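Open the model in a viewer and keep the sequence panel visible. The tour goes from the whole chain to single residues.

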Amino acid sequence: MAQPTVEEFLADLQHPRADDVRRLRAAIMASNDELTEHVKWKAPSFCHRGVDRVTFRLFPADHLQLVFHRGAKPQDTEGFEFGDDAGLLRWVAADRAVLTLGDPAEVAAQQEAIVALVNRWVAV
């Protein structure tokens, strides 16, 4: 069975924050012509030049997360730095961070900062 497109996946998504996922996904995709997307880990994932870089994490369903990573395979982290002046990221490894959105109002209030963060991340 073929993997659904992101649009098909989102059309069928039964999640308390589905509208937030759709809104944030649309803003991210509209912000960068070099991004592509597919479904990974049962959620939308954004790719830059064919490499997965930012992936939604939809469970547990009481919040949303964006996982900022550098692809499926471990990368050399020597000299890797990424500034997060807004303090939105929680680092879980030297080259992997998570952004958690617990309150639905956070998506609207921080959407511009989140989109900018995604675009900076995919460029490193």
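The stops below begin with the overall fold and end in two loops.

**The whole chain.** Show the chain as a cartoon; this is a predicted model. Three helices and six strands should appear. Followed along the sequence, they come in the order α-α-β-β-β-β-β-β-α. Turn the view and look along each principal axis in turn: the C-alpha trace spans about 40 × 35 × 25 Å. The radius of gyration is 14 Å, which agrees with the value near 14 Å for a compact globule of 124 residues.

**Contacts and surface.** Now switch on all atoms. Of the 124 residues, 44% are buried. Among contacts between residues at least 6 apart in sequence, 52% join residues at least 24 apart. Next, draw the surface. The chain exposes about 7,000 Å², and carbon and sulfur atoms supply 50% of that area. Colour the surface by charge to find 14 positive and 19 negative charges. The mean positions of these two sets are 5 Å apart.

**Helix α2.** Select residues 18-31, the 14 residues of helix α2. From the first C-alpha to the last, helix α2 reaches 20 Å, close to the 20 Å expected at 1.5 Å a residue. Which residues of α2 are buried? Show the side chains of Ala-18, Asp-20, Val-21, Leu-24, Arg-25, Ala-27 and Ile-28. The list includes Asp-20 and Arg-25 as well as Val-21, Leu-24 and Ile-28.

**The loop between β1 and β2.** Move on to Trp-41, which sits between β1 (35-40) and β2 (43-48). Lys-42 is found in this loop too. Check the backbone angles here, because most residues other than glycine have a negative phi. Phi of Trp-41 is near 55 degrees, a positive value, and phi of Lys-42 is positive as well, near 60 degrees. Are the two side chains buried or exposed? Trp-41 has 49% relative accessibility, so it counts as partly exposed; the cut-off for exposed is over 50%. Lys-42, with a relative accessible area of 67%, is exposed.

**The loop between β3 and β4.** For the last stop, select Pro-60, in the loop that lies between β3 (51-57) and β4 (64-68). Add Phe-59 to the selection and look at the peptide bond that joins Phe-59 and Pro-60. What is the omega angle of this bond? Omega is about 5 degrees, and the bond is cis. Most peptide bonds are trans.

Definitions and conventions
Residues numbered from 1 in each chain as written. Predicted model: local features only at pLDDT ≥ 70, side-chain atom pairs only at ≥ 80, totals over all residues. Heavy atoms only, no water. Helix = DSSP H or I, 4+ residues; strand = E, 2+ residues; numbered from the N terminus. Rg over C-alpha atoms; globule rule 2.2 N^0.38 Å. Buried < 20%, exposed > 50% of the residue type's maximum accessible area, 1.4 Å probe, protein only. Contact = heavy atoms within 4.5 Å. Areas by Shrake-Rupley, 256 points an atom, 1.4 Å probe, with all protein chains shown as cover. Lys, Arg positive; Asp, Glu negative; His and termini not counted. Charge placed at Lys NZ, Arg CZ, Asp CG, Glu CD. Expected span 1.5 Å × (residues − 1).
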